[in-house]
Amino acid sequence: MSLFARLFGTQQDPREEWRPLWHTIVEQAREPDWYRMCGVADTVEGRFDMITLVLSLVMLKMEQDEELAPQTALVTELFVEDMEGQLREAGIGDPTVGKKIGNLMSSMGGRLGTYRQRLADEDRAALAEALKRNVTMAQEDEAEALAERMIRLHKRLRRSSAEQLRAGEIAA
């Protein structure tokens, strides 16, 4: 959508259809059990890591669905928009925001690839090791619990329909 259309409201922003899903991703990432039971550090870094973890799982679900795959870019744009706002709120200035967003996207891409491979292999130990490298842990010995919870969420997402995801819902 062009900047002109966004500014003057001549068309609805196509990302808005996916905003409920984005809110669900953030809610899932903020679930206290990730931090209490799975050893994730309750810090800015740990929370970012959890957002990228949940977003990665959603992206993996979407890329496997012919109807959803083209929409992954819109969900990614919501992630970038939110992260940019968070950086600005933290006092990061314009000259640095673009570079930071680029680094965040690079990090996200690497994690997505790692999680895709580890979940496909169904190797829990390898997934736990990948999580130790990619998630800021307060307790590294809880990485296996984090891997188990991640796998459960991955399975729930795989059971979720396109309609559920658009509504910001994840199957039970």
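Start by selecting residues 72–89, which form helix α5. At 1.5 Å a residue, these 18 residues should span 26 Å, and the end C-alpha atoms are indeed 26 Å apart, so the expected length and the model agree. Keep in mind on this tour that you are looking at a predicted model.

Stay on α5 and show its side chains. Which residues of α5 are buried? Pick out Leu74, Val75, Leu78, Phe79, Met83 and Leu87. To see what these buried residues pack against, add α2 (19–29), α4 (44–63) and α6 (94–121) to your selection. Then step just past the end of α5 to Gly91, where phi is positive, at about 95 degrees.

Next, visit the largest pocket, with a volume of about 500 Å³. Its lining is made up of 18 residues; select Val44, Arg47, Phe48, Met83 and Gln86 to find those nearest the centre. The elements giving two or more residues to this lining are α2, α4 and α5, and α4 gives the most, with 6 residues. Try colouring the lining by class: you will find 10 nonpolar, 2 polar and 6 charged residues. Met83 is worth a second click, since you have now met it both among the buried residues of α5 and by the centre of the largest pocket.

Last stop: the second largest pocket, with a volume of about 190 Å³. Select its lining, including Leu60, Gln64, Arg116, His154 and Arg158. Here α4, α6 and α8 (143–159) each supply at least two residues. Coloured by class, this lining shows 3 nonpolar, 2 polar and 6 charged residues.

Notes:
Residues are numbered from 1 along each chain as its sequence is written. This is a predicted model: local features need pLDDT of at least 70, side-chain atom pairs count only at pLDDT 80 or more; totals for chains, interfaces and linings use all residues. Side-chain values use heavy atoms; hydrogens and water are left out. Helices (H or I, at least four residues) and strands (E, at least two) are DSSP runs, numbered from the N terminus. The expected span of a helix is 1.5 Å times one less than its number of residues. Buried means under 20% relative accessible area, exposed over 50%, partly exposed in between (1.4 Å probe, protein chains only). Contact means heavy atoms within 4.5 Å. On a 1 Å grid over the protein atoms alone, a cavity is a set of points where a 1.4 Å probe fits but cannot get out, and a pocket is an open set with protein on both sides within 12 Å along at least five of seven lines; lining residues have an atom within 4 Å of a point. Grid points are joined across faces, edges and corners, and a volume is the space filled by probe spheres set on the points. Ala, Val, Leu, Ile, Met, Phe, Trp, Tyr, Cys and Pro count as nonpolar, Asp, Glu, Lys and Arg as charged, and the others, Gly among them, as polar.
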